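Let's take a friendly tour of the aromatic rings in this model. The structure comes first, and the ring contacts follow.

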Amino acid sequence: MAPQDSDHGRTVAAHGSRIDAYVDRYAARATGMVASEVRALFAVASRPEVVSLAGGMPYVTALPLDVVGELVADLVARRGPVALQYGSGQGDPHLREQICDVMRLEGIEGHADDVVVTVGSQQALDLITRIFIDPGDVILAEGPSYVGALGTFSAYQAKVVHIAMDDEGIIPESLAQTVYALQTAGSRIKFLYTIPTFQNPAGVTLNAARRAQVLDICQRAGVLIVEDNPYGLLGFDGEPMRALRADNPDGVVYLGSFSKTLAPGFRVGWALAPHAIRDKLVLAMESAVLSHSAFTQLAVGEYLATQPWREQIKTFRELYRERRDTMLSSLESLMPAECSWTRPSGGFFVWATLPEGLDSKALLPRAVAERVAFVPGTGFFADGSGARNMRLSYCYPEPERIREGVRRLAGVVEQELQLRDTFGAGAFPDHIGVDTPGPDLA
């Protein structure tokens, strides 16, 4: 049906394309908000016969689901009128105090008044970007970086400039040189976005010496740091790393989440911010959703108050360590010698590099045909880099499925190497822009 004129009810000519009559009416920031062909392919990849090494989905089956169910039922019975009512735009006060207890494990001495509860840390990212970014402003981000963050930055028309990484995280010299060059050119750097611990997608961790250097570089340059840390408590060796926020409360906004240490279905995350930024975040939150779910906040609060949540995190750590070990041993024994990969000490992901001449995005349909899936590396760069890279996730499949998935993937790579050696490296199309992720790929 053709659009109607709102004043006279008459039929008017459709604008834009036949597919979308409103294509020429959207805001400029909506132009890039399209689902990628990679995302569409995962509708097939989600079939049970396909081993998915793609999605960063926590293994929630490891939770005591009966206990969680009883806790939720009891919450409704005892506190239903509060749990099912509107809540505060900043978040439940008691939960904010409990969040401070959680952050203390990483050396952070925060105050509940400076915590803003969000709908997962993804919403915190959106709010931070919303209050800081005008079109054309610069955001510094690791290369590669979290695809969900890049999608948010793109939606607000930021210019993302990647900072080089190695197996020890951000390279401080690269950060300093980039900041100097941008500021000399008159660019407005609004913040550095970093996942310093068990990074998504690379799996690497910024070491202690470099943390001090990154803090110093940003402080001297007047660059805010946004520290995204959903995996920080999921290390496989030793105590949690000291957060960046612990050493610079005024220069770091810290983002956390219960999605990885409890369950993503609760959709409870948070931002710990300096006072002035906190106020802006609360206003942005209220304009976006009025208030988020009091029910899920109270449920998480009850879980923290009544359950051995530290022991549950230990259970997750041991489970993910076993799967990480399976992933690394399988890659070592099965993948072609020209391939390489990172060796994470926590978190969910391995970052693999294919042999010269192979393209991960071109490889993906062939891999899915062989019943294995991964995420191509191009989605983790704003500039279309990463064609030879892929993110492999070990958090969700059982160990035997991981080994089978790597076996299938290795077979696909071997076939591609044979084609390369016979016909030479193909000319692959450029991939510029940010793939919009589905939640199962984040």
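Arg323 lies over the face of Tyr59, 4.1 Å from the ring centre; a charge counts as over a ring if NZ of Lys or CZ of Arg is within 6 Å of the ring centre and within 35 degrees of the ring normal. Please keep in mind that this is a predicted model, in which local features need pLDDT of at least 70 and side-chain atom pairs count only at pLDDT 80 or more, while totals for chains, interfaces and linings use all residues. Residues are numbered from 1 along each chain as its sequence is written, and side-chain values use heavy atoms, with hydrogens and water left out.

Now to rings that meet other rings. There are 12 aromatic pairs in the structure (rings of Phe, Tyr and Trp, the last by its six-membered ring, with centres within 6.5 Å; planes under 30 degrees apart are stacked, over 60 edge-to-face, the rest tilted). Two of these pairs are set out here:

| Pair | Centre to centre | Angle between planes | Class |
|---|---|---|---|
| Phe132 and Phe191 | 6.3 Å | 80° | edge-to-face |
| Phe348 and Phe349 | 6.0 Å | 70° | edge-to-face |

Phe132 belongs to helix α4 (residues 120–132) and Phe191 to strand β6 (residues 189–194), so their pair ties together parts 59 residues apart in sequence. Helices (H or I, at least four residues) and strands (E, at least two) are DSSP runs, numbered from the N terminus.

Phe132 is partly exposed at 23% relative accessible area, whereas Phe191 is buried at 0%. Buried means under 20%, exposed over 50%, and partly exposed in between (1.4 Å probe, protein chains only). Phe348 is buried at 0%, and Phe349 is buried at 1%. Ring pairs also link Phe348 and Phe349 with Tyr231, Phe316 and Tyr320 into a cluster.
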